[in-house]
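Please work through the exercises below with the sequence and the coordinates at hand, and try each task before reading its solution.

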Amino acid sequence: MIAISVNEVWKSFKIYHDKGATLKEKILFQNRNKHEHRQVLKGVSIDINKGEVVGLVGQNGCGKSTLLKLMTRIIYPDQGEIKMHGKISSLLELGAGFHPDMSGKENIYTNASIFGLTKKEIDQRLGKIIEFSELQEFIDNPVRTYSSGMYMRLAFSVAINVDADILLVDEILAVGDASFQAKCFHKMQELKNSGTTIVIVSHDLSSVEKLCDRAIWIDQGVIQLSGKPRDVCAAYLDKLMNRIISNDDLLEVEIDDEVGEIIETPRMVFENRTGNERVLIDSVRIFDVKTKKERYLFETADSLRVVVKYTKKDPTLMDAIFGTTIIREDGVNCFGTNTWIEDGSKINLSESGEISILIKKIQLLDGRYSLDIALHDECGVYYDHIRDSIKFDVFSHVKNSGVFRMESLIESV
């Protein structure tokens with residue numbers, strides 16, 4: 001039995017270049033009202049069976065979230081038809097349907113009523129919703145005092161407790177801290193086992209592979225591939241592997257083939273840094289060892305080179321220990337080292353210069369990772385320490401579990 005039927009759906013949006021905000025501005029500056037029509041979905045057709053879990057994957061702007069909003073009837077298609085069979089629950093945006101001045105408990109009643117529950121039904125579920133959200137001590141506080149993680153916990157708890165036939169979720173697998181994410185994942189497994197039809201938009205491809213029965217890859221508003229999650233995710237990532245990162249806001253960067261020197265590099269802005277600023281890190285870049293080009297998506301067996309540019313602010317400082325740590329998105333410390341650990345050495349500092357780290361085989365499993373970068377003295381006093389300096393993604397065709405892949409051989413004796 002089909003739960004969701006999407007038939008030849010087209011959707012476009014007006015994109016204004018410089019739209020006047022008031023009636024006066026619209027009259028006086030009519031030229032500012034120029035716009036273009038951007039076609040987001042182009043004849044998309046999907047049938048999703050009752051009890052099926054489907055993951056929508058693709059790059060930002062490809063139309064995944066737009067398709068989900070069309071399913072919830074928040075927006076409507078320009079052409080085509082969408083039929084939904086059953087009670088719908090959705091979680092698309094942070095705090096959607098929440099009033100900031102109302103308490104968490106009051107927002108539970110408001111939000112659940114939007115999903116079609118009566119007050120009596122909400123009364124019966126209230127305890128379960130609060131318990132799952134783990135917000136007991138904050139539930140009577142206005143939600144404007146909540147952190148973004150607390151918002152998402154509460155919204156997720158309401159969405160999964162309305163006993164819907166169809167659940168539509170957008171990036172919900174990244175809710176809260178690591179323990180709550182695991183709790184959400186297990187709840188999604190329970191809903192799947194109970195026969196709930198689920199459609200998920202997510203960039204977490206490993207979760208899509210574990211949870212979904214089918215994956216659909218959307219690219220520029222068109223379905224590229226639909227099938228087994230492992231096959232679809234592999235095809236999607238293979239295409240991404242061939243797309244070199246390009247950003248108009250950054251200068252062109254090249255690496256010298258012999259010494260790995262950056263010819264030209266822009267100064268980057270880092271949000272999470274500490275230190276006494278005797279040396280400042282200007283930029284962090286990741287390069288493919290073979291192509292010498294900038295890249296942020298790798299396979300487990302690939303090699304990469306991290307190139308760090310710095311400027312010395314204290315002319316009396318002669319050297320420093322350089323260190324780096326690889327952190328998985330859920331906070332797991334995967335690997336850390338520094339020049340002192342490796343061979344008891346320091347980096348001789350120039351007025352400005354580059355430091356290069358070669359990782360011969362990444363060996364990390366599927367996931368998103370970030371680099372912590374630091375320059376410090378032998379006592380651990382930071383000159384500059386940048387957390388989450390830059391992010392990169394790793395995927396593996398071999399689906400091991402754990403943190404990294406070990407070379408192994410299984411034999412029958």
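The exercises on this predicted model begin with confidence and then turn to its two open sheets.

**Exercise 1. Confidence**

Task: Find the mean pLDDT of the protein chain, and decide which elements have the lowest and the highest mean values.

Solution: Begin with the whole protein chain, which averages a pLDDT of 84, with 86% of the residues scoring at least 70. Next, go through the elements, among which helix 1 (residues 23-28) has the lowest mean pLDDT, 64, while strand 13 (residues 304-312) has the highest, 95. Finally, look at residues 244-265, where the pLDDT is below 50 although the stretch has 34 contacts in the model beyond near neighbours in sequence. Where pLDDT is low, predicted coordinates should not be read in detail.

**Exercise 2. The chain as a whole**

Task: Count the helices and strands of the protein chain, and state what share of its residues is buried.

Solution: The count gives nine helices and 19 strands. Taking under 20% relative accessible area as the cut-off for a buried residue, one finds that 46% of the 413 residues are buried. The exposed surface of the protein chain comes to about 22100 Å², of which carbon and sulfur atoms supply 48%. As for contacts between residues at least 6 apart in sequence, 68% of them join residues at least 24 apart.

**Exercise 3. The six-stranded sheet**

Task: Establish the strand order of the six-stranded open sheet, and then identify which helices lie on strand 5 and strand 6.

Solution: The order is 5-6-7-3-8-9, with mixed pairing. The edges are strand 5 (88-91) and strand 9 (222-227), each of which pairs on one side only, and neighbouring strands of this sheet are turned by 15 degrees against each other on average, direction ignored. At one edge, strand 5 pairs with strand 6 (residues 166-170) in the parallel sense over four bridges, and L91 stands opposite V169 in strand 6. Helix 5 (residues 148-159) packs on the sheet, touching strand 5 and strand 6, and its direction makes about 170 degrees with that of strand 5. Helix 2 (residues 64-72) lies across several strands, including strand 5 and strand 6, and runs at about 150 degrees to strand 6.

**Exercise 4. The three-stranded sheet**

Task: Describe the pairing in the three-stranded open sheet, and find the bridge partner of V279.

Solution: The order is 11-13-17, and the pairing is antiparallel. Strand 11 (279-288) and strand 17 (352-359) are the edge strands, and neighbouring strands are turned by 20 degrees against each other on average, direction ignored. Strand 11 and strand 13 share nine bridges in the antiparallel sense, and the bridge partner of V279 is K312 in strand 13.

Key: Residues numbered from 1 in each chain as written. Predicted model: local features only at pLDDT ≥ 70, side-chain atom pairs only at ≥ 80, totals over all residues. Heavy atoms only, no water. pLDDT = per-residue confidence, 0-100. Helix = DSSP H or I, 4+ residues; strand = E, 2+ residues; numbered from the N terminus. Contact = heavy atoms within 4.5 Å. Buried < 20%, exposed > 50% of the residue type's maximum accessible area, 1.4 Å probe, protein only. Areas by Shrake-Rupley, 256 points an atom, 1.4 Å probe, with all protein chains shown as cover. Pairing = 2+ DSSP bridges. Axes fitted to C-alpha atoms, helices over the stretch in contact; angles between N-to-C directions.
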